Amino acid sequence: MDYSHQTSLVPCGQDKYISKNELLLHLKTYNLYYEGQNLQLRHREEEDEFIVEGLLNISWGLRRPIRLQMQDDNERIRPPPSSSSWHSGCNLGAQGTVLKPLTVPNIQISEVDALPENEQTSSPTDSRGLKPLQEDTPQLMRTRSDVGVRRRGNVRTPSDQRRIRRHRFSINGHYYNHKTSVFTPAYGSVTNVRINSTMTTPQVLKLLLNKFKIENSAEEFALYVVHTSGEKQKLKNTDYPLIARILQGPCEQVSKVFLMEKDQVEEVTYDVAQYIKFEMPVLKSFIQKLQEEEDREVKKLMRKYTVLRLMIRQRLEEIAESPATI
């Protein structure tokens with residue numbers, strides 16, 4: 001990457017900018033930290049706009065369950081064939097579609113299960129390609145061929161499995177399941193999304209929820225930068241999470257980006273975070289020292305104003321005793 005000197009400004013929030021040169025220095029440090037890993041970031045120029053793109057790690061910090069979609073968007077639901085169709089002798093393909101008349105399904109069957117050739121050609125078919133049962137023929141029981149067809153319908157092909165993995169990502173190995181469609185991701189577990197530096201916080205939230213097919217609205221969540229010191233900084237809607245991550249530094253042992261509920265988390269400033277991890281006796285000693293210092297300041301002010309009040313009274317008495325001047 002070319003980290004040459006740049007002078008233009010890059011937006012990092014509402015009415016907040018950083019020089020391109022300074023951002024490139026942070027970016028260089030970031031990529032050196034993740035050297036040889038897929039978390040390295042790339043930058044480019046597009047219509048005089050400086051853009052950084054790559055993967056952003058986001059930790060799950062939810063306290064309430066989330067809901068997963070039952071199906072992917074724009075995915076057709078193919079109803080399974082009814083049990084009667086399996087026993088009626090209709091010709092079904094591997095995907096559950098009705099085959100054309102006189103078409104042999106692409107299924108391997110044994111010689112015992114196969115029908116004689118003259119019976120296949122002589123049996124009349126209706127307009128849908130279904131073979132009606134003869135009046136003097138009893139209903140066919142399920143043969144080994146039928147079992148094979150049914151098993152083929154339940155087993156996903158490698159292409160189907162790749163399609164599912166492409167359209168639905170797991171949350172730490174958890175895919176959609178009817179019984180566990182509502183669940184809470186493990187606190188602190190990490191996922192990632194591919195974003196760029198022009199995407200705001202709401203856009204990143206929607207991208208993350210869409211990646212895992214989560215039904216909850218993006219308005220329920222927010223992104224927080226959580227430091228090991230206890231400081232929690234909520235990213236505003238006008239902030240750019242990838243820029244914020246670069247400026248915070250690459251080490252996640254110092255700070256992480258968390259997905260949390262808006263109404264469950266309060267921001268913690270740096271000054272307050274300094275005292276969060278102290279034990280209660282230590283905090284009480286701090287409070288006692290602050291009270292003693294406050295008492296000293298109050299006494300000092302009282303002495304100062306007491307002396308000042310005496311001086312004013314003495315001056316007033318002198319003015320009252322002196323003869324009036326004409």
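Two residues are in contact here when their heavy atoms come within 4.5 Å of each other. With that in mind, let us walk through this predicted model. Among the contacts in the protein with a separation of 6 or more, 68% are between residues 24 or more positions apart. The secondary structure comprises nine helices and ten strands. Of the 326 residues, 29% are buried, and the protein exposes about 23,200 Å², with carbon and sulfur atoms supplying 52% of that area.

A good place to begin is strand β10, which covers residues 255-261. Six of its seven residues are buried, so the strand is largely enclosed by the rest of the structure. β10 pairs with strand β4 (residues 49-60), the two running parallel and joined by two bridges. If you would like to find this pairing on screen, look for S59, whose bridge partner in β10 is F258. Strand β8 (residues 221-227) also pairs with β10, here in an antiparallel arrangement with seven bridges. In this pairing, V226 stands opposite K256 of β10.

From these strands we can move to the nonpolar interior. The largest nonpolar core has 41 residues, and the members that touch the most others are I58, L223 and L259. Several elements give two or more residues to this core: the strands β1 (9-13), β4, β7 (190-196), β8 and β10, along with the helices α1 (20-33), α6 (201-211) and α7 (241-248). The most comes from β4, which gives six residues. For a closer view, take L223 and set aside residues up to four places away in sequence: L223 then touches I58, V257, F258 and L259, as well as T201, V204, L205, Q233, K234, L235 and P241. There is also a second, separate core of six residues, and its members include A222, Y224, V226 and M260. As a general point, side chains in a regular strand alternate between the two faces of the sheet.

The loops deserve a visit too. S197 sits in the loop between β7 and α6. With a relative accessible area of 7%, S197 falls under the 20% limit and therefore counts as buried. Apart from its neighbours within four places in sequence, S197 is in contact with F50, I51 and V52, and also with Y240, L242 and I243.

Two further loop residues share a backbone feature, a positive phi in a residue that is not a glycine. D15 has a phi of about 60° and lies in the loop between β1 and β2 (16-19). K213 has a phi near 55° and belongs to the loop between α6 and β8. Are these residues buried or exposed? D15 counts as exposed, because its relative accessibility is 69%, whereas K213 is buried, with a relative accessible area of 9%.

Finally, let us turn to the surface and to helix α9, which spans residues 280-321. L301 is found in this helix, and its relative accessibility of 45% makes it partly exposed. Together with Y305, L308, I312, L316 and I319, L301 makes a nonpolar surface patch of about 600 Å².

Key: Residues are numbered from 1 along each chain as its sequence is written. This is a predicted model: local features need pLDDT of at least 70, side-chain atom pairs count only at pLDDT 80 or more; totals for chains, interfaces and linings use all residues. Side-chain values use heavy atoms; hydrogens and water are left out. Helices (H or I, at least four residues) and strands (E, at least two) are DSSP runs, numbered from the N terminus. Buried means under 20% relative accessible area, exposed over 50%, partly exposed in between (1.4 Å probe, protein chains only). Accessible areas come from the Shrake-Rupley method with a 1.4 Å probe; for residues, only the protein chains shown count as cover. Two strands pair if DSSP finds at least two bridges between them. A nonpolar core is a set of buried Ala, Val, Leu, Ile, Met, Phe, Trp, Tyr and Cys residues joined through side-chain atoms within 4.5 Å. Patches are made of residues with over 30% relative accessible area and no salt bridge: like charges are joined within 9 Å, nonpolar side chains (Val, Leu, Ile, Met, Phe, Trp, Tyr) within 5 Å. A salt bridge is a side-chain nitrogen of Lys or Arg within 4 Å of a carboxyl oxygen of Asp or Glu.
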